[in-house]
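Trainee: Could you take me through how to read a model like this one?
Mentor: Here it is.

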There are 2 protein chains.
Amino acid sequence: MIFPQVDAFRGGENLIRVVGHRGARGVLPENSLIGFDFSLSIGVPLLEFDVVLTADDVPVITHNHRLHAPSFRDAEGLFLTGEEPKVSSLTFEQIQEFDIGRLDGHSAYGRRFPDQAQMDGVRVPRLMDLLNLISDPKNGDACLMLELKSDPDLAHDTRYREKLVGRVLQEVRARDLSSRAVLHSFDWNLLEACQRQAPDMPSSYLTQLPENADDVGEDSSKAVCPDFRGRRDDIPHLVKQAGGSLWCPYYADVTAKNVELAKDLGLCVAVWTVNEPEDIAKMIALRVDAIVSDYPGRVQRHLSDLGMVW
Amino acid sequence: MIFPQVDAFRGGENLIRVVGHRGARGVLPENSLIGFDFSLSIGVPLLEFDVVLTADDVPVITHNHRLHAPSFRDAEGLFLTGEEPKVSSLTFEQIQEFDIGRLDGHSAYGRRFPDQAQMDGVRVPRLMDLLNLISDPKNGDACLMLELKSDPDLAHDTRYREKLVGRVLQEVRARDLSSRAVLHSFDWNLLEACQRQAPDMPSSYLTQLPENADDVGEDSSKAVCPDFRGRRDDIPHLVKQAGGSLWCPYYADVTAKNVELAKDLGLCVAVWTVNEPEDIAKMIALRVDAIVSDYPGRVQRHLSDLGMVW
């Protein structure tokens, strides 16, 4: 099957795509509408973000399954302390009480993004809010790398998986945007459900070798991602067999060999999350199709200096 | 005379102001409407920028007196080479042919801002375009640090000075914004003309000690700025005597002593251009009133981590 949105992520002779990671996490609050809007406004129409279900089954855009203390403040403006509440235990209305406009620089997570603007009154958006944003004709070239986050506590529950996928698809279809999104996950079971419920939409397979440490302050993918130990250069075959259109490896896991294999198999290779200048340069040299970055401007600059387009 | 806009730049007990330098040069093309809009949208309503007159006497927003080769591209998309044309030799319409959306990373100037987004179709704005932007009721708290750039070739020509000041004031008054701008310059003669033509508006005195090197790729201020060699801690007195409301020293020139003196004299102290984390921390410790930065988000973050407001 040919999916037009896969071509939006595909590179070419002199072309590498730039994907704004959680909007533009290095510049603006992650997974916020203002961050998505920034990425769109600088000419980076490919947006990566994360979807989780609330207690009242609203697909919302946030990365972790629990409200992430370094970026969630309560009604008094204080960063959360103690056990982080689960998104699935709160209604959308309850989640709106939290402000995600700032990062706690006293946390290890906060220290990773020292340039992120600090704002007040920024709320967790619904998936629908972003779909509305890209429905604006001026954003007609926007495409979504929609990550479905599989709750590790529920990953083996078939009904949960079907519901998560079903709710996401319901919203995407309500805005007639199934040709402008790829369904993206670490959870191969979830992607199997996606393919069954939405054969008209491409799947994007996230992978990370277990020897690579998880990033500080982020939910681990290890609970739901298959274990590829010792099979690094074979992953593209597995993605292809599973029915994938995109392969999205952690950038440290790619080699000239597995990128070439993936391309030979017709997969589109989008690496994440590439922020350091030397890593951006390496990924360009490997001719991946797309680079997912918290600093989309920085990637544009590398490409511009090389006379390349994105 | 009391100028309400000076208070917009004044710090306080737990308050240091953040001023977006040329919009937000570290993030977006300098002196561009998208850069100003970014600064406003992250809650940094104080905007610093530079005004120069075109051949047809249109006040436009650009830093140098000549089209700056590392950020000006011609209609073919190529960065300028050879002698840079003077802004004053071109009409506004001619200047609109150039694109200021990218920075040449092969230049020393370009290397200073590696994260700046790379865009196409960005034009030099008129002062009027920015005045229109801040006239939008949603930007009602915006205040301008409007730098009048004195052409070194014409700095001693009284008629030139009067015309530059007159044209700028004409536009500011046309939008009824004289209570939301400070008139800012290195050229003390020009500021004298400002005070005569606009006694209802405050003057902001830029200073830089000659021992501090000019920044790479920028017009030198030495031709028009008085020589303060050996008088570092006396500058606030001179600014006060000249009728200044704000004193805007290069950040490396401030000391606990001259900041205290300036405050005792009732001057508002706004330091520029403070980008490195250690320098931001030093300026906060010195309790300046305002920090002018190419990375307003980075300054917000320092202040937020200290529990301060801006």
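The dialogue below goes from the overall fold to the interface and then to single residues.

Mentor: Keep in mind that this is a predicted model.

Trainee: Which secondary structure elements does chain A have, and how many?

Mentor: Chain A contains 11 helices and nine strands. Its C-alpha trace spans about 55 × 45 × 45 Å along the principal axes.

Trainee: What does the radius of gyration of chain A say about compactness?

Mentor: One compares it with the value for a compact globule, which for 310 residues would be near 19 Å. Chain A has 18 Å, so the two agree. As for burial, 61% of the 310 residues of chain A count as buried.

Trainee: What share of the contacts in chain A joins residues 24 or more positions apart?

Mentor: Such pairs make up 63% of the contacts with a separation of 6 or more.

Trainee: And what of the surface and charges of chain A?

Mentor: The exposed area of chain A is about 11700 Å², with 50% supplied by carbon and sulfur atoms. There are 33 positive and 48 negative side chains in chain A, and the centres of these two sets lie 2 Å apart.

Trainee: How is the size of an interface expressed?

Mentor: It is often given as the accessible area lost when the parts come together. Here chain B and chain A bury about 2100 Å² between them, and 48% of that is on carbon and sulfur atoms. Asp115(B), Gln118(B) and Arg301(B) supply 29% of the area that chain B buries against chain A, more than any other three residues. In terms of contacts, 28 residues of chain B meet 28 residues of chain A.

Trainee: Why would one look at the sign of phi?

Mentor: Because most residues other than glycine have a negative phi, a positive value is worth a look. Asp57(A) is not a glycine, yet has a positive phi of about 60°. Asp57(A) sits in the loop between β2 (46-53) and β3 (59-61) of chain A. Asn31(B), also not a glycine, has a positive phi of about 50°, and lies in the loop between β1 (17-21) and α2 (33-41) of chain B.

Trainee: Is Asn31(B) buried or exposed?

Mentor: Asn31(B) is buried, at 1% relative accessible area. Asp57(A), at 23%, counts as partly exposed, because the cut-off for buried is under 20%.

Trainee: What does Ser71(B) touch beyond its sequence neighbours?

Mentor: Leaving out residues up to four places away in sequence, Ser71(B) touches Phe79(B), Asp99(B), Ile100(B), Arg102(B) and Leu103(B). Ser71(B) belongs to the loop between β3 (59-61) and α3 (92-95) of chain B, and with a relative accessible area of 8% Ser71(B) is buried.

Note on methods
Residues numbered from 1 in each chain as written. Chains lettered and ligands numbered in written order. Predicted model: local features only at pLDDT ≥ 70, side-chain atom pairs only at ≥ 80, totals over all residues. Heavy atoms only, no water. Helix = DSSP H or I, 4+ residues; strand = E, 2+ residues; numbered from the N terminus. Rg over C-alpha atoms; globule rule 2.2 N^0.38 Å. Buried < 20%, exposed > 50% of the residue type's maximum accessible area, 1.4 Å probe, protein only. Contact = heavy atoms within 4.5 Å. Areas by Shrake-Rupley, 256 points an atom, 1.4 Å probe, with all protein chains shown as cover. Lys, Arg positive; Asp, Glu negative; His and termini not counted. Charge placed at Lys NZ, Arg CZ, Asp CG, Glu CD. Buried area = accessible area lost by both parts, 1.4 Å probe.
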